[in-house]
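Reader: I'm new to this one and would like a close look at a single part of it. Could you pick a strand, walk me through its surroundings, and then show me where it sits in the whole picture?

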Amino acid sequence: MTAQMIAFLGAVSLGTWSSSAQNLSALDEAKWMLARLTGVQWPGQSPELHFMAQKIAAGDKFGAAKVATSLPQFYSITIKEMAARMSTRAESVREPLNDFSAAFIGIARDNTDARELLYGNFYYAYSGSPALPSGVSVRSMNTAQTLNENLLLSNNHFTDLEKANLHLHEYLTRIEGQRLAVSATTNIAVPASDAAGVLSSRTWMAAHAIGGTNRRLVEYTFREFLCMPIEGWADTSASDTRVGKDIDRRPGGDPQKYLTSCKGCHTVMDGFRGAFARWDFNSANNAVLHSLNGVTSGAFMPMNSDVNRVVMRKMNRDTPPASTMFVAYQGGWSTTDTSFVNNASRGVNEATFGWRGLAPDGAALTTVSAIGTNAFGRLVANSRRFAQCMAQRVWDQVCQYKLPMGDGDLVFVGLGLKFEQQGYRLRELFETVAVHPRCRLR
Amino acid sequence: MGWLRRWRNVALLMMGLGGLSTLSFNCSPSLFLAAKYASSFGIMAWEDRFNDPVSPVVMMTSKQVFHSMLNVTGQYNRATATQKSEFDLRASSLADTSNPAGINAPMQMATTSLAGEVCRGLLDTEKSGQRRFFVDLDFTLGPLTQRASYQASIRRMGQAFWGRFLNRSEEIYLSTFFDDFTSEGGDSSADTDKLLLASCTVMLASFDAVTY
C-alpha cells in the first residue's frame, strides 16, 4: 500500500472525503475501471477502490488507472489472458501460463518497449529469486538438464508458477539469450538472426511450426500482431515469384482459380515464409528444432531439414523420397536461405500496414542476404499497424465490446499513435484505453 | 408490333436485373468482401459483431470467476488445495468468452459448486476468528435467535460481492430464505453453518458476482 493510499484512508476515517453525488459517481467509475483492469470484482469497502475514486473525483483518471495497473491481478489475469488468447491456434483464455504469456507479463511489468516482444533475444521465467512462499515449489531451470525438462521441452515451469497462485509479476525475471534443446541434457543459444521474442518461443512454435509448411507462422503473426486475417491482406496482383512448389498453379485444372484466388494469399505468405525456414517442431519430444542445431542423429536431429541442412525440408517439399507428391509445380520457388520479401507493400496493403523499416531504428529491409526471423519480427513490430493492433487487443480486453466499423479505425489509429509516443509501453496503453471516453458503455 | 416491342423491353429489363444480381451476389463475392472489409479493423470484428455484447454486462472468464470469488471474500492470497482442485474440475464448464449469451446450465452449476467451496473457506476463516462478514454471529448457537446478525452479514456480503448495497427485493428474498430455513426446525450450531454457507453461495454465484 502506497503512502498516498494510507494518507487517503486517514482522510476517509476523518470523514473529509464525503459521499457527495460527485464522489459517488467517481466511485462508480472507479469500480468499473478497477474491475476491467484487474479482471476481478473488488469489495465495495476495498481501499484501492476508494483511493481510485478519490483520484477520479479530483480529475486524475490516469492516476486512478495507475493504481489498478499496480495490482497483481493486472498481470496475473488481465495481461495473462490477453496473451493467452494470442498464443495458440485455439485463441482461448484457457491456455495455461507459458513462455509466450510470461514475456507479455514481463514486458508490461518492466514497462519496456513492447516491440521487443517480436524481436528481443530474451525470455521470462522464475530464476530463483525472490524466495517462494513456504509450501510452494516450482520445477526449476537451474541446470541445463532441468532447463530442458521444465522449460524447453515442456511447460512444467510455467504450470507450477500458475498453479501456485503467485503474483507472477513479482517472480518473473528477464533472462537474456533464448535457448534451444539439442539433447535431453544440453542446449544451445538460438542464433541471433532467428531469435525473435515470442515468435521464437516454444509455445508459438508448438502452435504454428508443427507439421505444415511454416506458412501458418506468417499467417498467425499477421493475425495476432497486426490484427489482420489472411483474407484481409491477399493481393492477387503482387509477384508470385516466391510461391512454393507445393502450390498447384492449376487447381482442378483451372489456372484462373490460382490466379484469382490461391495466388492472392500465397504472394504475401510465401514471400515472408523464408523468415521461418529454419524452424520446425517435433511433437514426439516437444522439441523446437532448428536446422542449424548441429545434431546429426537421434530425436533432436532436424530430420526434416534440407539436404544441405540450411532450411527445413518442409519449405520445399521437393526432396525425394519424403514428399515428391507435394511437388505441384516444378517452377515454384526453392527456399535455400532465410531471406524474405515483403509482398504486402502495394496499394491498400501499404496504407493498411504502414511499413517503416525494421525496429527499433527503422533500418531498411534488405533481401540480398539471409535475414531470418529476427528481421521479420522487427519489420512487423515497427509497422504502424502493430501499434494499432495492440491498441485493439487492449481495447477488447478492457472495454469488452466492438466499436462500429469506421469508428474503430479512428479510435485505434489514435490509440496506436499514443502508444508509439509513450514508447510502446504496454502498461501505459492499458491505462490510456481505460480512461478513453468511449471505453465504458453506460 | 407493339406487343413485340413491349416483350422485348421486358426481356431486356429482366436480363439487366439478372446481370446485376449475378454481378453482385453469386458470381462476385469479392464485391461483398470489399464492402465487408471496408474498415480494416472491422475484419476481425465483423463475424463476431452480432455475437458480442453491446451492453455494459460482460461475463467473467473461468479464471476471472475463481480469482474474483477469492478476491471479494478476502482469500486472494490463500486459496486452499480444495478450492484449487474444485476450480480445476469446473474450469471447463465456466465461460471462456465475455458473452453473456453463453450462459448455460452447466456453467451455472459449475459456478455454484465453485462458490460453495470458496464460501466454505470463508466460513472456516471467520470461525477461526478473522471476522469480516459474520461479525456479530455466534457460531456456537443456532440461527433462530440471530436474525439481525444474519441480516447484517448478508448486507456485508452484498457490498463485498456486488460492490453495492442490497436492494429491497434482494433483502426480502434472503430474509425469506432465513425464515424458511429456520421454520424447518433446525437450530443447532451446524444449522448456522449451513445457513451461512447457502446464503454466501447463492450470493457469490449470482449474476452480479460473475459479471463486471
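Author: Sure, let's start with strand β6 of chain A, residues 287-290, in what is a predicted model. This strand is covered on both faces. On one side sit A:A287 and A:L289, on the other A:V288 and A:H290, and all of them are buried. That back-and-forth fits a general pattern: in a regular strand the side chains alternate between the two faces of the sheet.

Now for the partner. Strand β5 of chain A, residues 279-282, is joined to β6(A) by 4 bridges, and the two run antiparallel. If you want one pair to find on screen, take A:D280, whose bridge partner in β6(A) is A:L289. The two strands make a hairpin with 4 residues between them. In that turn, look for A:N286, which has a positive phi of about 55 degrees.

Next, follow the chain past the strand. A:P302 lies in the loop between β6 and α14 (347-353) of chain A. Is A:P302 buried or exposed? It counts as buried, because it has 23 C-beta neighbours inside 10 Å, and 20 are enough for that label. Leaving out residues up to four places away in sequence, A:P302 touches both halves of the bridge pair you just found, A:D280 and A:L289. Its other contacts of this kind are A:H290, A:S291, A:N293 and A:M312. There's a link back to β5(A) as well: A:F281 is 21 residues away from A:P302 along the chain, yet their C-alpha atoms are separated by 9.2 Å.

Let's zoom out to the rest of chain A. It has 18 helices and 6 strands, and buried residues make up 52% of its 442 residues. A compact globule with 442 residues would have a radius of gyration near 22 Å, so the 24 Å of chain A agrees with that. Along its principal axes, the C-alpha trace spans about 80 × 50 × 35 Å. Of the contacts in chain A with a separation of 6 or more, 69% are between residues 24 or more positions apart.

For another covered element, try helix α18 of chain A, residues 426-434: 9 of its 9 residues are buried. Among them are A:R427, A:E428 and A:E431, along with A:L429, A:F430 and A:V433. A:V433 turns up again in the largest nonpolar core, which has 162 residues. Also listed with the most contacts inside that core are A:A30, A:M52, A:A391 and, from the other chain, B:L204. Setting aside its neighbours within four places in sequence, A:A30 is in contact with A:L49, A:M52, A:A53, A:I56 and A:A64. In soluble globular proteins, nonpolar side chains tend to be buried together.

And chain B? It has 9 helices and 0 strands, and 31% of its 212 residues count as buried. Its mean pLDDT is 81, with 74% of its residues reaching 70 or more. Among its elements, helix α6 (residues 105-127) has the highest mean pLDDT, 97, and helix α2 (residues 29-36) the lowest, 36. Over residues 19-39 of chain B the pLDDT is below 50, and this stretch has 11 contacts in the model beyond near neighbours in sequence. Residues 42-54 of chain B also have pLDDT below 50, with 23 such contacts. Where pLDDT is low, the predicted coordinates should not be read in detail. For the model overall, the scores are ipTM 0.89 and pTM 0.88.

Notes: Residues numbered from 1 in each chain as written. Chains lettered and ligands numbered in written order. Rg over C-alpha atoms; globule rule 2.2 N^0.38 Å. Buried ≥ 20, exposed ≤ 12 C-beta atoms within 10 Å, placed from the backbone. Contact = placed C-beta atoms within 7 Å. Core = buried A, V, L, I, M, F, W, Y, C linked by C-beta atoms within 7 Å. Pairing = 2+ DSSP bridges. pLDDT = per-residue confidence, 0-100.
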